[in-house]
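Please examine the sequence and the structure shown below. The discussion concerns salt bridges and their surroundings.

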Amino acid sequence: YGYAQVLDYSLRDKVKSGEVDWKVGAIDSFESDGAVLADGEKVSADLVICGTGFQKEYSVFDSATREKLNIESDGLWLFNHTVPTNVDNLAFVGSELAVISNISGYGLQAAWLSKLWSGEINANKQDMESEVNEMKEWKRKWMPNTPSRSSLVLLHQIHWYDRIMRDIGMKASRKSNFLSEWFMPYESSDYHGVLTTLEEKK
């Protein structure tokens, strides 16, 4: 997110022990058992990791869409970190949301989006723009100016989860009793069954 990297040494250790062989290169095309690199070399691979770096790239969209998205120096500002206010039928799930627990965060984000697009969550353009502007003002008052500032939720994750749960019509308090609610940390497992429950309500 522009601050640090979460390091894991398992790959390094497996390379040192000879369990894993690896190669860095630009991929021209994929084959059933690996990839063809830009220099024409064919590489057999069990796993291909697309390392895209820390700089986001929006060139997949045409210039008119990029202009409507209004991508600023501190990121892409979206309604509830998901929906652009000036582009219809477009949403970003997992791309413009930085939470501590990605799996639960992106799952709840997708559930929220399904409710929004089905019309079960009321949000007009004026209210969406107002919320985005309030979020900009709040974050820019105290968060460091990084290219990812717009997407940062991180330590405010539970507050964001509470908003999601209320919007989709489910209880924000997920613990079994008030003592746990007050004194125990929230974990991804506390949201187990949310998506299943939403499916059953359809």
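The following paragraphs lead through selected salt bridges of this chain.

The model is a predicted one. Across the whole structure, a search finds 14 salt bridges. One of them pairs Glu72 with Lys136, whose closest N and O atoms lie 2.5 Å apart. This contact links distant parts of the chain, since the partners are 64 residues apart: Glu72 belongs to the loop between α2 (63-69) and β4 (98-99), and Lys136 to helix α4 (residues 125-142). Glu72 has a relative accessible area of 24% and is therefore partly exposed, because the buried class ends at 20%. Lys136, at 16% relative accessibility, falls under that cut-off and so counts as buried.

Helix α4 also holds a salt bridge between two of its own residues. Glu137 and Lys141 both lie in this helix, four residues apart, or about one turn. Their side chains meet at 3.9 Å, N to O, and both residues are exposed.

A further pair is found in helix α5 (residues 157-167), where Asp167 and Arg163 are likewise separated by four residues, about one turn of the helix. The closest N and O atoms of this salt bridge are 2.8 Å apart. Asp167 counts as partly exposed because its relative accessibility is 28%, whereas Arg163, at 18%, counts as buried.

Salt bridges may also share partners, and in this way Glu72, Asp74, Lys136, Arg140 and Arg149 are joined into one network. The network thus includes both Glu72 and Lys136, the pair that links the loop after α2 to helix α4.

Methods: Residues are numbered from 1 along each chain as its sequence is written. This is a predicted model: local features need pLDDT of at least 70, side-chain atom pairs count only at pLDDT 80 or more; totals for chains, interfaces and linings use all residues. Side-chain values use heavy atoms; hydrogens and water are left out. A salt bridge is a side-chain nitrogen of Lys or Arg within 4 Å of a carboxyl oxygen of Asp or Glu. Buried means under 20% relative accessible area, exposed over 50%, partly exposed in between (1.4 Å probe, protein chains only).
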